[in-house]
Amino acid sequence: MANKKYNFGAGPCILLDIVLNGASDAVKDYNRTGISILEISHRSSEFENVIHECQSLVRELLGVPDNYSILFLQGGASTQFSMVPMCLMQQLKRASYLDTGCFSLKAIAEAKLFGPVHIVASSKDSDYDHISYDYYIPGDSVYFHCTSNNTIEGTEIFTFPETNVPVVCDMSSDIFSRQINVADFDLIYAGAQKNMGPAGLTLVIVKKNASAAHGEFNSFNVRLPHL
Ligand SMILES: Cc1ncc(COP(=O)(O)O)c(C=O)c1O
C-alpha cells in the first residue's frame, strides 16, 4: 500500500497486507463461490470452515489442549468483565481479584454487581507502578482473576500463581506475544484489537470440563446482577 500509515497506539493493531487483501477479496467474492462472505449464511459449511480454521490456528499457535473450547464472542473484552462473574460466580461465594491497573479495576467493578469480591492485592496506592506477587488466594474462591498485561500502566505478570482455585486471565494486550501454558488457566479472554485483528471480537478459551474438575465451579450457572 502506498503511503501506508502505522498506528503505534495499543490498538487496533496493524494488519499485514496479505490479511487485508485476503479479507477484501473475500468481501467481494469468497473463495470463488460467486458471493461475498458477508452474504453467505453464517450457518453454511463455507462459513463454518472459516471458524474451524481460525479455531485450529489458535489451538496450534497457543498449544491449546483438546479439553478447552475456543470461542469467538462479541462485545469486546469489557463484556467478559461481566460475563465471567455472570457465569462463574455463585451466590454467597466470593471471587478473588488481583488489582493491577485500570482494566482490572473495571473487571472488579463489574464482578461486584454479581457477588462478593475479594481483592488479594492492589498496587493502586502507588499508581499501579508494579504488580504485587505477595498475595494469598483463599481456597474457597470460585475463581481468581488477573490481568496479564496492564496496557495503560505498562506492567506485565511473568509468574502466574499455582493454585487449586480456577484461574481466569484477561490477556487482551499480550496474547500471542509469548508462549503460555494454557493448562495453567481455566478461562482466558482477550479483545482481538490489540494483538490479533480488528475490534469487535473477543477470543475466549475455556476449559470444557471446568465444572467436573473443580466441583462447584459451574460454567453454566448464569445469574442476574444485583443492580
Ligand atoms: C487489558 C485490557 N483489558 C480489557 C480491555 C478492554 O477491551 P475492549 O475494548 O475490547 O472492551 C483493554 C483495552 O481496551 C485492555 O487493554
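User: Rings of Phe, Tyr and Trp, the last taken by its six-membered ring, count as an aromatic pair if their centres lie within 6.5 Å. By that rule, how many aromatic pairs does the structure hold?

Analyst: The structure is a predicted model, and side-chain atom pairs count only at pLDDT 80 or more. With that condition in place, the number of aromatic pairs in the structure is five.

User: What kind of aromatic pair do phenylalanine 160 and phenylalanine 185 form?

Analyst: The ring centres of phenylalanine 160 and phenylalanine 185 are 4.9 Å apart, and their planes make an angle of 80°. Planes over 60 degrees apart count as edge-to-face, so the pair of phenylalanine 160 and phenylalanine 185 is edge-to-face.

User: Which parts of the chain does this pair tie together, and how many residues apart are they in sequence?

Analyst: Both phenylalanine 160 and phenylalanine 185 are buried. Phenylalanine 160 sits in the loop between β6 (155-156) and β7 (167-170), whereas phenylalanine 185 belongs to the loop between β7 and β8 (187-191). The pair therefore ties together these two loops, at positions whose separation in sequence is 25 residues.

User: Is glutamate 162 buried or exposed, and what distance separates its C-alpha atom from that of phenylalanine 185?

Analyst: Glutamate 162 lies in the loop between β6 and β7. Its relative accessibility is 83%, and because the cut-off for this class is over 50%, glutamate 162 counts as exposed. Along the chain glutamate 162 and phenylalanine 185 are 23 residues apart, and the distance between their C-alpha atoms is 10.0 Å.

User: Which element gives the largest share of the lining of the largest pocket?

Analyst: The largest pocket has a volume of about 1,500 Å³ and is lined by 34 residues, with Val19, Ala23, Val50, Cys54 and Pro198 lying nearest its centre. Two or more lining residues come from each of α1 (17-28), α2, β1 (68-74) and β9 (201-207). The largest share, eight residues, is given by α2.

User: How do the lining residues of the largest pocket divide by chemical class?

Analyst: Cysteine and proline are counted among the nonpolar residues, and glycine among the polar ones. On that basis the lining of the largest pocket divides into 25 nonpolar, six polar and three charged.

User: Why does the end-to-end distance of helix α2 agree with its length in residues?

Analyst: Helix α2 covers residues 45-62, which makes 18 residues, and at 1.5 Å a residue its expected span is 26 Å. Just after α2 comes glycine 63, whose phi is positive, near 60°. The two end C-alpha atoms of α2 agree with the expected span because the distance between them is 25 Å.

User: Which residues line the largest cavity?

Analyst: The count comes to one cavity of 30 Å³ or more, and the volume of the largest cavity is about 40 Å³. Its lining divides into five nonpolar residues, one polar and two charged. The residues lining the largest cavity are Leu62, Ser148, Met171, Asp174, Ile175, Phe176, Arg178 and Ile180.

User: What is the phi of phenylalanine 176, one of those lining residues?

Analyst: Phenylalanine 176 lies in the loop between β7 and β8 and is partly exposed, with a relative accessible area of 31%. Most residues other than glycine have a negative phi. Phenylalanine 176, by contrast, has a positive phi, near 70°.

User: What is the phi of arginine 32, and where does this residue lie?

Analyst: At 80% relative accessibility, arginine 32 counts as exposed. Its phi is positive, near 55°, and its place is the loop between α1 and α2.

User: Which two residues does the cis peptide bond before α1 join?

Analyst: Most peptide bonds are trans. Here omega is about -5° and the bond is cis, with proline 12 found in the segment before α1. The residues joined by this cis bond are glycine 11 and proline 12.

User: Which residues does lysine 124 touch, leaving aside those up to four places away in sequence?

Analyst: Lysine 124 is found in the loop between β3 (117-122) and β4 (144-147) and is partly exposed, with a relative accessible area of 45%. Lysine 124 lies 100 residues from serine 24 in sequence, with 44 Å between their C-alpha atoms. The residues touched by lysine 124 are Asp99 and Leu105.

User: Which residues does aspartate 140 touch on the same basis?

Analyst: Aspartate 140 is found in the loop between β3 and β4, and at 45% relative accessibility it counts as partly exposed. Aspartate 140 and alanine 95 are 45 residues apart in sequence, yet their C-alpha atoms are 8.6 Å apart in space. Leaving aside residues up to four places away in sequence, aspartate 140 touches Lys93 and Arg94.

Key
Residues numbered from 1 in each chain as written. Heavy atoms only, no water. Helix = DSSP H or I, 4+ residues; strand = E, 2+ residues; numbered from the N terminus. Buried < 20%, exposed > 50% of the residue type's maximum accessible area, 1.4 Å probe, protein only. Contact = heavy atoms within 4.5 Å. Expected span 1.5 Å × (residues − 1). 1 Å grid on protein atoms, 1.4 Å probe; cavity = no way out; pocket = protein on both sides within 12 Å on 5 of 7 lines; lining within 4 Å. Points joined across faces, edges and corners; volume = space filled by probe spheres on them. Phe/Tyr/Trp six-rings, centres within 6.5 Å; stacked < 30°, edge-to-face > 60°.
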